[in-house]
Amino acid sequence: MAETEADGGTPAVRAEWEEPLDGREREAARIDRALGDPEGPRLVRVVGERGAGRTAFLRAAARRQRAAGAVVLSVDCAPEDREQPYLLALRLLRALERPRAETGGQRRAGDPLVEMMAAVEHGDRAAAADALAAALADAAPTMLFVDDAQYADDASVGLIAGLATGLTTGLTTGLTTGKGAPSVRLVLSLLRAGAPANRPWTPDGGGASGPLEARATPAGTIELSPLEPAAVAALLARRSGAAPGNALAELVHRLSRGLPAAVDVLLAEWARQGDMERVGERALLDIAGVLPAVPRDNRFTRALHALGEPAVAVASALSVLWPLGPAASVLTARVAGLPPDEIRLGLRELVAAGVVEELPVREDGEAGGWTFRIPLVEHLVRERLGPLERGRLAAAAVEALWAAEAGPGEGEAGSAPAVRVVDEAAADTYLPDRIVEAGTLVDADRAVAELVAAAERMGRAPGQRRTLRWLRAADQLTGDTGVRDRLLLARVVRASVEADHGSVRGTVEELLRSAAGRGGLAEETLQACVSALVGAASGTGDLPELSRMTEARWWWPLVRTPAAVALGRAVALGCLGRWEKAGDVLARAERMWSGAGPARVLPEVCRGVFELALGRPERFRRTLAMPETDGLSELSRYLVSLLQVQQLLGQGDLRGANDLLAARRLSVEDMPTHVRFPWHRLEGRWDEAMADLRWLTANGHPVAASLHLHVHAERATVILLARGRIGTARRLIDDIREGLGRIAEPRHVLDRAEAEIARALGEPAEAVRLLRRGLETARAHGEVFATDELLAELAGLLVEAGDPRGAAECVRRLGEVAARTEDGRSRLLHLLASARLHEADDPDTARALLADAVALARHRRQPFETATTLLAAARLDENPRERLTEAYELFDRVDAPLWRFWVRAAMRGAGLTAPDREGALLENDRLLATLVSEGLSNRQAAAVLGLSPDAIANRLTRLFARNGVRSRTELVTAVLRGPDRERTGWAEITRTERSAGAPPFPVASRGGMDKSVMG
């Protein structure tokens, strides 16, 4: 037992006392009201299960009471205290005596501490009770805080229970002040052994503090229930110093069941093993570490081991077997060699201690079995098993499930409970997970078949990383060479979807080495492997390796087929943006696969992609309908579809990409995350798109993977600018340029993004310079891809600058690009640029062009593109209400507050009233605070919003007054933490919040992305 020094109250309240309680605000307010009310309860119990945060809650309450001027005495109990009679009573007396001795106060009579010690020596319970009552009567108005009172000795609890009636009613002799109110408040924290709040409370281990239950009033009981999901997310943010991604917050809440201590265990393990990454101000979990491996000892495992045997043995077996319901106890007895009586005893002890709980009885009356109260504890216990012990338990589970499938004739007969996976467990993953753990202890052929079937049922959607583990285990179990080759190819596809580039490379190299001694792989399969190898290097941003892959000598140790070597070199050149040279390599090798059936598909598709970048789309369009595609292997067919979908999305052709996947019997859910990002962006699901990009960055996919991929990260600047995140967009561009380095020279798409930023900041001359530089870069490399956007943007700027001749030249060149590429985006941009050029001198022609542009945009079905087209068309519309309203709604759909601001300005200019004036004012405040948080000066913010610097200064002054703040930093905190924070994407922790101190479990930043908040 530990005593805490008494502390007379001081008026100053330290900053740490004002920290949020992460979901305990309501309970904190209740205990403060109870202790601050002169007529409030004298006995207050704080009750919660292990890990609920009772100790932290109690200490925070004590600090607040001291800060309010109260005299607070604190005592902590420990498990060994139960063996020492009257120990708690003696400690309380010593704590009560200390402030009296320090202040020189007089006792009423006698020395309670001496009297207590004499009573203890003689075993005189009545005298001990009198001594404690006298000490309480002599005490100044005092609050006694006792933590973990369930560990108190029986004798002390009996004394306190006897006095508790007086504490709760104020009638006990000697416990009242001259005013008739008791002078002492007693606050106890008690461990609830896992029972929910609506069940009778039983202290841990049936301890002696139970008599206090009957003495507590409802007003004097504070129940610390598990935290809700939002509170867990807030706790994660404070603990890690970065706002958690939604997937991380949901995972932690599920594993911890809302218990703060379990959250801390998870964070400590992830931080220790480096599994958490910080992307800007977001914390995400690395795909390689969904659950911490080899966890250290912690409070939950220590509490379990304190129970001893047979509870520990039963818990260890249940960590593998509990999903089998009542049959788990039978299998535990069989594997552990324990008699049924010991199994039942262990289960009772685990239930009483709150480690496990009974599942509800099924509708058919069969017992439900047991499950761990906290899923994290199940994982902790299972991970601490040795491989042999876990393998034996897993094998027992597998054999039991297989026997149950065989029916009663081959299964176990008699009164044994039926073997099945309970509803509360994950039936789709339980059997394959156990097969992996059982390994060679079960039938290999059946195990391989089960694992392959399970992987196929899971599909290709990202986030199913466990299927890689299943396929790897099947590969190790099979003795069939053909089956093994197919399993390795399936692993390549799965790893590609998961962006696990290391697994892609390792698996491909393993397959190539394995096949080398058997005469090699079929040409088509070899091509797919070569392409996957290059893709893995590109995905990790290993540009030096990509450069080496452009040379034939790099390939000879792995591949001896000249055609495959040529394909590998060409794909590497394409990843570095050397389109012309890549096409030349394939053109020279064309005779090697010409007329070769499926083996000609992948080289032809790659060549079409290279020519598309150079403005020659004919070959690419032909490859979209190549009949040989249907005859490809799974890996080749997937890679071909992946390449083609990437290019269609890069052109902004969402409908074309959707049609292609449908024809190949695929969906976007089958695509890797770096393809899902542009898909979600074009669909207007911007929050999902940014979550995709954060996930890629957190899991080792750099923002500048290669020139054929960095365009996707660059497109994020469109979203960031639309949300006012201008400084963040600029930092993202810097990160891409830095990542590409000298080997792959940054190209014109980055100039377009930079020009858009310069234009937003009121720097049109700089924007023109950047656009012209981008066009010159594209011309020097013979590229046409994305030049349509540069030309359209430049034409608009030149019109505004009074240079119609320069604008007309841009429109002419844009028309050539549109005719050459036959691309829908290019046609739309040409219509809009032509209308802008004719707006002043031929408004009728401009209106007709804009009408065609609106029709084309609607056909393309991309919300943001449609909204910007409607806004452009509304400029010449005699009655713009309908178009402006539709644009406003579409910008709201994608959450583009800056564009909504501009639409409201257009509405006012047309004499229209913007909808939801109160909501618009709030959004304006939030947008201005966002611009301030991005580091913009008043002049820059004025340029972005189309206002004067004085107007911005006046708005900031009003914002300061309205939010009670005095600085720009305080303004950001006040506005961006408002009630609409999640809707506007501000789920990050502000700089002010982070400045309070270092988080206990800081997460590491991924590469240079700490500069770029992609939120």
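# Briefing: loops, helix packing and cores

P310 sits in the loop between α10 (299-306) and α11 (311-321). Welcome to a predicted model, one with 48 helices and 12 strands. Of the 1015 residues in the protein, 57% are buried. Among contacts with a sequence separation of 6 or more, 70% join residues that are 24 or more positions apart. The points below start with the backbone and then turn to helix packing and the nonpolar cores.

**Backbone details in loops**

- The peptide bond leading from E309 into P310 is cis, and its omega is near 5°.
- Y86 is not a glycine, yet its phi is positive, at about 65°.
- To find Y86, look in the loop that runs between β3 (71-76) and α3 (87-103).
- Y86 has a relative accessible area of 10%, so it counts as buried, the limit being under 20%.
- D916 is another residue other than glycine with a positive phi, here near 55°.
- The loop between α43 (897-909) and α44 is where D916 is placed.
- D916 counts as exposed because its relative accessible area of 56% is over the 50% cut-off.

**Helices α44 and α46**

- D925 belongs to helix α44, which covers residues 917-933.
- With a relative accessible area of 17%, D925 falls under the 20% limit and is therefore buried.
- L959 is part of helix α46, made up of residues 949-963.
- L959 is buried as well, because its relative accessible area is 1% and the limit is under 20%.
- Although D925 and L959 are 34 residues apart along the chain, their C-alpha atoms are separated by 7.2 Å.
- Setting aside neighbours within four places in sequence, L959 is in contact with D925, L928, V965 and L971.
- D925 also has a C-alpha to C-alpha distance of 8.7 Å to L956, which is 31 residues away in sequence.

**Helices α30 and α31**

- Helix α30 (residues 654-663) and helix α31 (residues 673-683) have axes that come within 10 Å and cross at roughly 125°.
- That angle lies outside the 65 to 115 degrees of a roughly perpendicular pair and is not over 145, so α30 and α31 are oblique to each other.
- The crossing in which α30 passes α31 is left-handed.
- On the α30 side the meeting residues are L654, A657, N658 and L661, while α31 brings W679, L682 and E683.
- Sorted by class, this contact of α30 with α31 has five nonpolar residues, one polar and one charged.

**Nonpolar cores**

- The largest nonpolar core holds 147 residues, and L546, W555, F891 and L945 have the most contacts inside it.
- Helix α24 (residues 562-575) gives this core its largest share, 10 residues.
- Beyond neighbours within four places in sequence, W555 is in contact with V530, L533, V534, M549, V565, G568 and R569.
- Another core, of 97 residues, lies apart from the largest one, and its members include A328, V381, A473 and L487.

Methods:
Residues are numbered from 1 along each chain as its sequence is written. This is a predicted model: local features need pLDDT of at least 70, side-chain atom pairs count only at pLDDT 80 or more; totals for chains, interfaces and linings use all residues. Side-chain values use heavy atoms; hydrogens and water are left out. Helices (H or I, at least four residues) and strands (E, at least two) are DSSP runs, numbered from the N terminus. Buried means under 20% relative accessible area, exposed over 50%, partly exposed in between (1.4 Å probe, protein chains only). Axes are lines fitted to C-alpha atoms, for helices over the stretch in contact, and angles run from 0 to 180 degrees between N-to-C directions. Angles under 35 degrees count as roughly parallel, over 145 as roughly antiparallel, 65 to 115 as roughly perpendicular and the rest as oblique. A crossing is left-handed if the near helix is turned anticlockwise from the far one by less than a right angle, and right-handed if clockwise. Contact means heavy atoms within 4.5 Å. Ala, Val, Leu, Ile, Met, Phe, Trp, Tyr, Cys and Pro count as nonpolar, Asp, Glu, Lys and Arg as charged, and the others, Gly among them, as polar. A nonpolar core is a set of buried Ala, Val, Leu, Ile, Met, Phe, Trp, Tyr and Cys residues joined through side-chain atoms within 4.5 Å.
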